[in-house]
Amino acid sequence: MTTETHDSEHDPFAEFDAAAGIGTVRDPYPVWAELRAQTPVFAGPMSELFGIDSMDEALLQQPPYTPLTFDAVQQVLRDGETFSSSGYADTIGIVFGHSILEMDEPEHHAYRALIQQAFTRKAMETWEAEIVQPVVDRHIDAFRERGSADLVRELLFPFPVTVIGEMIGLPTDDLPVFHKKAVELISIMTDIEHGLNASAWLYEYFQGIITERRAAPRHDLISVLAQAELDGQQLSDDEIIAFLRLLLPAGAETTYRSSSNLMFGLLSNPDQLAALRDDRSLMPQAIEEGVRWDPPLTSIGRTCTKDTVVEGVLIPAGAPVMVCMAAANRDPSRWDRPDEFDIFREPKQHMSFAFGPHMCLGMHLARMETTVAVNALLDLPDLRLDPEAIDVHVSGLAFRAPSALPVVFG
Ligand code: HEM
């Protein structure tokens, strides 16, 4: 994915996508299905089976264990004591700082309780009316008269970043550079120098804003975090900055990819798109099916802290674990026809938002944003894939999304 914000020698969006397997790995599901049929937990390097150098695996001291079945994935994610999140400190933590992602209990629980104060039902309602709906409308208005668009580039890629920027309370003009820095941050595995520079840049940038908000609070997220208090404890500048550095990749990259995958599923199944257009009460189950069927983020990392048997497989103490949520979501012992996108299937817990203590803090926000965007798109008359478009598809190994969604309407 490229935008106007990159310089000519260095395109962090393209580098990040390449390292994540976007454009190179088209369909990892048959490989996962074959492995899953052999064992619930695969031991050994995974990315070489797909012919790519994985950014995550490159940093591991030893080959990972990969839980693949629903039960194995759930067991690992539910048990944060045995399967620690602390390994992120040596990877993405280098640039995020000590963020919630790498915390174990009891620190994690205390910190999460403070952060959660910014994500109330009331906040969600305000964000929907004051930020998400106007941002979505603005993007769609820019192509409404044309009768055609690339939904990824013109709506689904830019809107979640804009939403998070506005939630945080950033000046609109800063958004492009902010997004670029955020992508550079998570490209740390392929480009350490740009990652560290971006981390330092964001520290200074956020610290200036936090100082201002501590002096004169507004209604934005930074002000709420600066004032959050629990049992006499408040968040330090460093803690707030680590959270803000995490927020953009955690909230924007995921939502752009998940809403794109959902729209791909709908556009390539016009009968389901028509059913949803005519009955919007199907929206929650359509969103869950989209995120089950092709999650934006396929795997997350843990470290096993003591010898543990998972579904009959011994994972030794100290072993890195790459939990494959995407494989769990297509476990045939839990879902019939798991490879099919079907918004009418009975809703069941999937693993795309993780599970247990670190279950996604932003999932209600992601669902709300997706509802607003998809509703607005379904209001475009006779929305359909551009019949001239060739081979529109989702790709990627670590992160998955279509690179374009050309549509026509009207
Ligand atoms: C469809 C969209 C999304 C998906 C699939 C998703 C997925 C995930 C997953 C799998 C985790 C667990 C990570 C781990 O433990 O290693 C997570 C955690 C998290 N997500 Fe999301 N996410 C999405 C949207 C969002 C949004 C919009 C936000 C914005 C607030 C957000 C904020 C977070 C945060 C702060 C955590 C860390 C929670 C913790 O460690 O306790 N996510 N997400």
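1. A good place to start is helix α9, residues 158-168, which is mostly covered, with 10 of its 11 residues buried. Please keep in mind that this is a predicted model. The buried residues of α9 are Pro158, Phe159, Pro160, Val161, Thr162, Val163, Ile164, Gly165, Met167 and Ile168. Their cover includes α7 (121-144), α8 (151-156), α10, α12, α13 and α17. Just after α9 comes Gly169, with a positive phi near 100°.

2. Next, the nonpolar interior. In soluble globular proteins, nonpolar side chains tend to be buried together. Here the largest nonpolar core has 113 residues, and those with the most contacts inside it are Phe119, Trp127, Leu151, Met263 and Leu377. Helix α13 (residues 237-267) gives the most to this core, namely 14 residues. Apart from this core lies another one, of 13 residues, including Phe42, Met46, Phe50 and Cys324.

3. Which residues does Trp127 touch, once its neighbours within four places in sequence are left aside? The list is Ala118, Phe119, Val132, Met167, Leu221, Leu365 and Met368. Two of these names may look familiar: Phe119 is among the residues with the most contacts inside the largest core, and Met167 is one of the buried residues of α9.

4. Helix α11 is worth a slow look. Its 24 residues, at 1.5 Å a residue, should span 34 Å, and the C-alpha atoms at its ends are 35 Å apart, which agrees. Buried along α11 are Gly195, Ala198, Ser199, Leu202, Tyr205, Phe206, Ile209, Ile210 and Arg213. An α-helix has 3.6 residues a turn, so residues three or four places apart point the same way. The partners against which the buried residues of α11 pack are α5 (93-96), α10 (175-186), α12 (221-227) and α13.

5. The same helix also has a part in the surface. Ile192 belongs to α11, residues 192-215, and counts as exposed because its relative accessibility is 51%, where exposed means over 50%. Together with Ile94 and Leu196, Ile192 forms a nonpolar patch on the surface, and the three have about 270 Å² of accessible area together.

6. Now for the charged pairs: a search of the whole structure finds 19 salt bridges. One of them joins the side chains of Lys180 and Glu184, at 3.4 Å from N to O. These two residues are 4 apart in helix α10, so about one helical turn separates them. Are Lys180 and Glu184 buried or exposed? Both Lys180 and Glu184 are buried.

7. Another salt bridge links Arg400 with Asp294, whose closest N and O atoms are 2.6 Å apart. Arg400 is in the loop between β12 (394-395) and β13 (401-402), while Asp294 is in the loop between α15 (283-293) and β7 (299-304), so the pair ties together parts that are 106 residues apart in sequence. Arg400 and Asp294 are both buried.

8. For a pair with a different setting, try Arg337 and Glu340, which form a salt bridge with the closest N and O atoms 2.8 Å apart. Arg337 counts as partly exposed because its relative accessibility is 40%, and Glu340 also counts as partly exposed, at 41%. Elsewhere, salt bridges that share partners join Glu212, Arg213 and Asp220 into one network. Arg213 is one of the buried residues of α11.

9. A few backbone details deserve checking. The peptide bond from Glu105 to Pro106 is cis, with omega near 0°, and Pro106 is found in the loop between α5 and α6 (107-116). Glu311, which is not a glycine, has a positive phi near 50°. Glu311 lies in the loop between β8 (308-310) and β9 (313-315) and is partly exposed, at 39% relative accessibility. Asp391 is not a glycine either, yet its phi is positive, about 55°. This aspartate, Asp391, lies in the loop between β11 and β12 and is partly exposed, with a relative accessible area of 44%.

10. To finish, look at Asp379, in the loop between α17 (363-378) and β11 (384-385). Asp379 is exposed, with a relative accessible area of 54%. How far apart in space are Asp379 and Asp278, C-alpha to C-alpha? They are 10.0 Å apart, with their positions 101 residues apart in sequence numbering.

How values were computed: Residues are numbered from 1 along each chain as its sequence is written. This is a predicted model: local features need pLDDT of at least 70, side-chain atom pairs count only at pLDDT 80 or more; totals for chains, interfaces and linings use all residues. Side-chain values use heavy atoms; hydrogens and water are left out. Patches are made of residues with over 30% relative accessible area and no salt bridge: like charges are joined within 9 Å, nonpolar side chains (Val, Leu, Ile, Met, Phe, Trp, Tyr) within 5 Å. Accessible areas come from the Shrake-Rupley method with a 1.4 Å probe; for residues, only the protein chains shown count as cover. A salt bridge is a side-chain nitrogen of Lys or Arg within 4 Å of a carboxyl oxygen of Asp or Glu. Buried means under 20% relative accessible area, exposed over 50%, partly exposed in between (1.4 Å probe, protein chains only). A nonpolar core is a set of buried Ala, Val, Leu, Ile, Met, Phe, Trp, Tyr and Cys residues joined through side-chain atoms within 4.5 Å. Contact means heavy atoms within 4.5 Å. The expected span of a helix is 1.5 Å times one less than its number of residues.
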